[in-house]
Amino acid sequence: MNSRRKFLAGSAAGLFGAAMVSRVGAASLPEAPLRDNAEMAPPLFPKTGPQYNPVVTLNGWSLPWRMNNGWKEFHLVAEPVRRQLAPGMTANLWGYNGQSPGPTIECVEGDRVRIFVTNKLPEHTTIHWHGILLPNGMDGVGGLTQPQIPVGKTYVYEFQMKHSGTFMYHPHADEMVQMAMGMMGSLVVHPRDPNFMRVERDFAFILAAYDIEPGAATPKVAEMTDFNLWTWNSRVFPGIDSLVVRRNDRVRVRIANLTMTNHPIHIHGHNFTVGCTDGGWVPKSARWPETSADIPVGAIRAIEFVADNPGDWAFHCHKSHHVMNAMGHDVPTMIGVDHRGVAERINKLIPDYMLMGERGMADMGEMEMPLPDNTLPMMSGSGPFGSIEMGGMFTVVKVRDGLAPNDYKDPGWYQHPAGTVAYEWTGEPPAAVRTPAAAGEKGPALRVKKPAGHAGH
Ligand SMILES: [Cu+2]
């Protein structure tokens, strides 16, 4: 901590502890780059320090740094942000450096890092470095290991990255509000040996949930269980980036969960193993094949697979209520009810009123339902064969031949070789044969029931 002492001694305002850092900001703070959009930035290859294979953050970016006498210096600014969740809906969130989640911090095992955190929120904050083995006073738990960072002040965290793996950062101050507002970011520590657990494509994102009323833009921060927007890096389908990979690439996807429930993340057309948790690497001898990995609350799983099956593969949370977007409260079941024209009339009286479809809910995917402003259809996204009827935690892994090593551009939809797509059978249907009902039994009744409200989805 030598250079920290030097740093503080050099300050003109050496009487006020860490708060003084902001007084010398103009001279000593590294730049705090900002980002004003939710596009995926290309991987950030290191220009200085040890080499590594950088990650790609879905709908996000990695924070540039500067080297200063052997320290890797980053600057995070905690602040209110406007985040587009998908085209058609923008939310008022809190985040870092212009976006929620904040930028991914990437460094290398053994690096000494100095992270400046400037608080531009309307209340105090801290940052906890989830999973990092560090000195207690750098752990970022407000009141326990440091005073909270007051509004307008900058604090400095300094520690050495002792082990490689997948971690995250988030506040440990007024946590319920600050995480419900979107304050979080990925933190990746690359192995010192770039060939250790090497992959060709390495993705990172965080699971976050919000409760935003249809027609509103600000999450309800007191919500405990009843969330209606299930996001990857504060984006919902169809706003989530595809994972573009070259055929036969080894792929890692680092998934952190900062929602209040678990998410079984499922891939099609491949199987994977869990290669890393926020506790460290899983030895290869201890892995087993999966197609879904449950990501517990407050945990991280990095899955690894070889992308050997070309195509457009669904990749999603397997809880079916997590692959849809916001519904109004008390949505009635309307299956079997002809309500054409009713919603428009009700909407004049109750702006956030939405109807479920009368033939099931696929109507929502076809966007026939009138929606309040700044509200996404519950299910949407169109594919080469029509509406995909998804929302929330859903995207596509696009496995293609012949991509350049760092080409993450959307290659468009998969062109299926002739004879490899499910097709309609056009013969005569067989005569229906029904099993006679047992004596006293009525015929089969179709019942479709949805819970009132959206608790638990
Ligand atoms: Cu889920």
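In the predicted model, buried residues account for 53% of the 457 residues in the protein chain. The secondary structure of the protein chain consists of 5 helices and 23 strands. Among contacts between residues at least 6 apart in sequence, 73% join residues at least 24 apart. The accessible surface of the protein chain amounts to about 20800 Å², and carbon and sulfur atoms supply 55% of this area.

A copper ion is held by three protein donors, namely His 263 through ND1, Cys 317 through SG and His 322 through ND1, which lie 2.0 Å from the ion. The spacing of these donor residues along the sequence follows the pattern H-x53-C-x4-H. His 263 belongs to strand E15 (residues 263–267), whereas His 322 is found in the loop between strand E20 (311–317) and helix H4 (342–349), so the two histidines tie together parts that are 59 residues apart in sequence. Both His 263 and His 322 are buried.

Two cavities of 30 Å³ or more were identified in the model. The largest cavity has a volume of about 110 Å³. Its lining comprises Tyr 52 and Asn 53, the residues His 190, Pro 191, Pro 194, Phe 196, Met 197, Arg 198, Val 199 and Asp 202, and, farther along the sequence, Arg 252 and Arg 254. By class, the lining of the largest cavity divides into 6 nonpolar, 2 polar and 4 charged residues.

The second largest cavity encloses about 40 Å³ of space. Thr 166, Phe 167, Ser 186, Val 188, Ala 204, Phe 205, Arg 254, Ile 255 and Ala 256 form its lining. Two or more of these residues come from each of strands E9 (165–170), E10 (185–190), E11 (201–210) and E14 (250–257), with E14 giving the largest share, 3 residues. The lining of the second largest cavity contains 6 nonpolar, 2 polar and 1 charged residues. Arg 254 appears in the linings of both the largest cavity and the second largest cavity.

Arg 254 is also among the contacts of Arg 301, a residue of strand E19 (residues 300–306). When neighbours within four places in sequence are left aside, Arg 301 is in contact with Val 253, Arg 254 and Ile 255, with Val 274, Cys 276, Thr 277 and Asp 278, and with Asp 294, Ile 295 and Pro 296. The C-alpha atoms of Arg 301 and Asp 278 are 7.0 Å apart, although 23 residues separate the two in sequence. Ile 255, another contact of Arg 301, likewise contributes to the lining of the second largest cavity.

Pockets open to the outside were examined next. The largest pocket has a volume of about 290 Å³. Its lining is made up of 17 residues, of which Ile 240, Asp 241, Ser 242, Lys 398 and Asp 410 lie nearest the centre. Strands E21 (380–383) and E23 (394–400) are the elements that give two or more residues to this lining, and the largest share, 3 residues, comes from E23. The lining of the largest pocket divides into 9 nonpolar, 4 polar and 4 charged residues.

The second largest pocket, with a volume of about 230 Å³, is lined by 13 residues. Those nearest its centre are Asp 312, Ala 314, Pro 384, Ile 388 and Phe 394. At least two residues of the lining are supplied by each of E20, strand E22 (386–390) and E23. In terms of class, 8 nonpolar, 4 polar and 1 charged residues make up the lining of the second largest pocket.

Strand E23 also holds Val 397. With a relative accessible area of 1%, Val 397 falls under the 20% limit and is therefore buried. Apart from residues up to four places away in sequence, Val 397 touches Leu 243, Val 245, Ile 267, Phe 305, Gly 311, Asp 312, Trp 313 and Phe 315. The C-alpha atom of Val 397 is separated by 6.4 Å from that of Ala 314, a residue 83 positions away along the chain. Asp 312, one of the contacts of Val 397, and Ala 314 are both among the residues nearest the centre of the second largest pocket.

Conventions
Residues are numbered from 1 along each chain as its sequence is written. This is a predicted model: local features need pLDDT of at least 70, side-chain atom pairs count only at pLDDT 80 or more; totals for chains, interfaces and linings use all residues. Side-chain values use heavy atoms; hydrogens and water are left out. On a 1 Å grid over the protein atoms alone, a cavity is a set of points where a 1.4 Å probe fits but cannot get out, and a pocket is an open set with protein on both sides within 12 Å along at least five of seven lines; lining residues have an atom within 4 Å of a point. Grid points are joined across faces, edges and corners, and a volume is the space filled by probe spheres set on the points. Ala, Val, Leu, Ile, Met, Phe, Trp, Tyr, Cys and Pro count as nonpolar, Asp, Glu, Lys and Arg as charged, and the others, Gly among them, as polar. Helices (H or I, at least four residues) and strands (E, at least two) are DSSP runs, numbered from the N terminus. Buried means under 20% relative accessible area, exposed over 50%, partly exposed in between (1.4 Å probe, protein chains only). Contact means heavy atoms within 4.5 Å. Accessible areas come from the Shrake-Rupley method with a 1.4 Å probe; for residues, only the protein chains shown count as cover. Donors are N, O and S atoms within 2.8 Å of the metal (3.2 Å for Na, K and Ca); water is not among the atoms, so sites may look incomplete.
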